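The exercises below ask you to read a protein model step by step. Try each task with the structure in view before you turn to its solution.

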Amino acid sequence: MTEPIIRIDNIVKRYGPLTVLDGLSMEVMPGEKLALIGPSGSGKTTILRILMTLETISEGFIQIDGEQLYHMKKAGSLVPADERHLHRMREKIGMVFQHFNLFPHKCVLDNITLAPMLTKGMDRAAAEKRGMELLDMVGLADKAKSMPAQLSGGQKQRVAIARALALSPKIMLFDEVTSALDPELVEEVLSVMRKLAAETDMTMLLVTHEMGFAHDFADRVLFFDRGKIVEEGKPGDIFRHPKQERTQIFLRKII
Ligand code: ADP
């Protein structure tokens, strides 16, 4: 039987006195495309940031690709994972942020080749060959030598997607990747993501307010409210026949 590629078990995340996630559990199967929806502040982004090890957890366990993320068992007790372990785990995951986060003083191609050269020790020629393939995939091969400031928001976001793919992650996390874009630039980014979903077997987790896209893209939709999964199911079921009142109210407001 196939094992989940992500297993989140009873995690608690606190920021000071604020409990953001309160005993959250969820599993994601390899290749699954998941949409996380729900009101602002319900903890969706926090989950992605925890998976990316940008945030730690207060309690619970997370397993990625068969290995514990934050804690490792040692002589029967649990100890925090060391940096080397986290570094290795991070390579399994690529993340694309709302605000692109490109290196402003590096050209587009360098933005993509930097991580594979530094973290995987790839030589420049191989990294650039792969970088150009990725730029081609996102439709920006002609912008390889441009600086980020010369690109539109949609183009920057497509570069950010190519950069996240450069380390060949098994899992891709997309955090509201179109919400900082002008409306006319949203579609070019969504179409790259559609292509990725159709052409690769990567596991993809998407936090989004684009309900139409979530419907078409996801195999499964999770509705979050106040740090909990209130309801989950196939997009057709969640969007057309939400069972929980909180889901109904949210969808009525947003659609
Ligand atoms: P969502 O993505 O669903 O909008 P978030 O995961 O961004 O929600 O945030 C969940 C809650 O955690 C919010 O109440 C937010 O204010 C809080 N929060 C997020 N990051 C921090 C932080 N670094 N420090 C304190 N509180 C935070």
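**Exercise 1.** How many bridges join strand β1 to strand β4, and in which sense do the two strands run?

Solution. This is a predicted model, in which local features need pLDDT of at least 70 and side-chain atom pairs count only at pLDDT 80 or more, whereas totals for chains, interfaces and linings use all residues. Residues are numbered from 1 along each chain as its sequence is written, and side-chain values use heavy atoms, with hydrogens and water left out. Begin with β1, residues 6-15, and β4, residues 59-64: five bridges join them, and they run antiparallel. Strands here are DSSP runs of E with at least two residues, helices are runs of H or I with at least four residues, and both are numbered from the N terminus; two strands pair if DSSP finds at least two bridges between them. As one point on this pairing, D9 stands opposite F61 in β4. Next, place the pair in its sheet, which is open, has four strands in the order β2-β1-β4-β5, and is antiparallel in its pairing. Finally, look at the edges: β2 (18-28) and β5 (67-68) each have a single partner strand, so one side of each is left without a neighbour in the sheet.

**Exercise 2.** Describe the surroundings of strand β10 and name its partners.

Solution. First consider burial, where buried means under 20% relative accessible area, exposed means over 50%, and partly exposed lies in between (1.4 Å probe, protein chains only). Five of the five residues of β10 (residues 203-207) are buried, so this strand is largely enclosed by the rest of the structure. Both faces are covered, with T203, L205 and V207 on one side and M204 and L206 on the other. Then turn to the partners: β3 (residues 33-37) pairs with β10 in the parallel sense over four bridges, and L205 is the bridge partner of L34. β9 also pairs with β10 in the parallel sense, over five bridges, and here D175 stands opposite V207.

**Exercise 3.** Compare the settings of N101 and E176, two residues other than glycine with a positive phi.

Solution. Start from the general rule that most residues other than glycine have a negative phi. For N101, phi is near 55 degrees; this residue is found in the loop between β8 (93-96) and α3 (108-119), and N101 is partly exposed, with a relative accessible area of 40%. For E176, phi is near 45 degrees; E176 lies in the loop between β9 (171-175) and α6 (183-199), and at 16% relative accessibility E176 counts as buried.

**Exercise 4.** Which residues of α3 are buried, and against which helices do they pack?

Solution. The buried residues in α3 are V108, L109, N111, I112, T113 and P116. They pack against α4 (124-137) and α5 (153-165), where contact means heavy atoms within 4.5 Å. Just after this helix, G121 takes a positive phi of about 65 degrees.

**Exercise 5.** Step back and describe the protein as a whole.

Solution. The protein has nine helices and 12 strands. Its radius of gyration, taken over C-alpha atoms, is 19 Å, close to the 18 Å that the globule rule (2.2 Å times the number of residues to the power 0.38) gives for 255 residues, so the protein is as compact as a globular protein of that length. Of the 255 residues, 50% count as buried.
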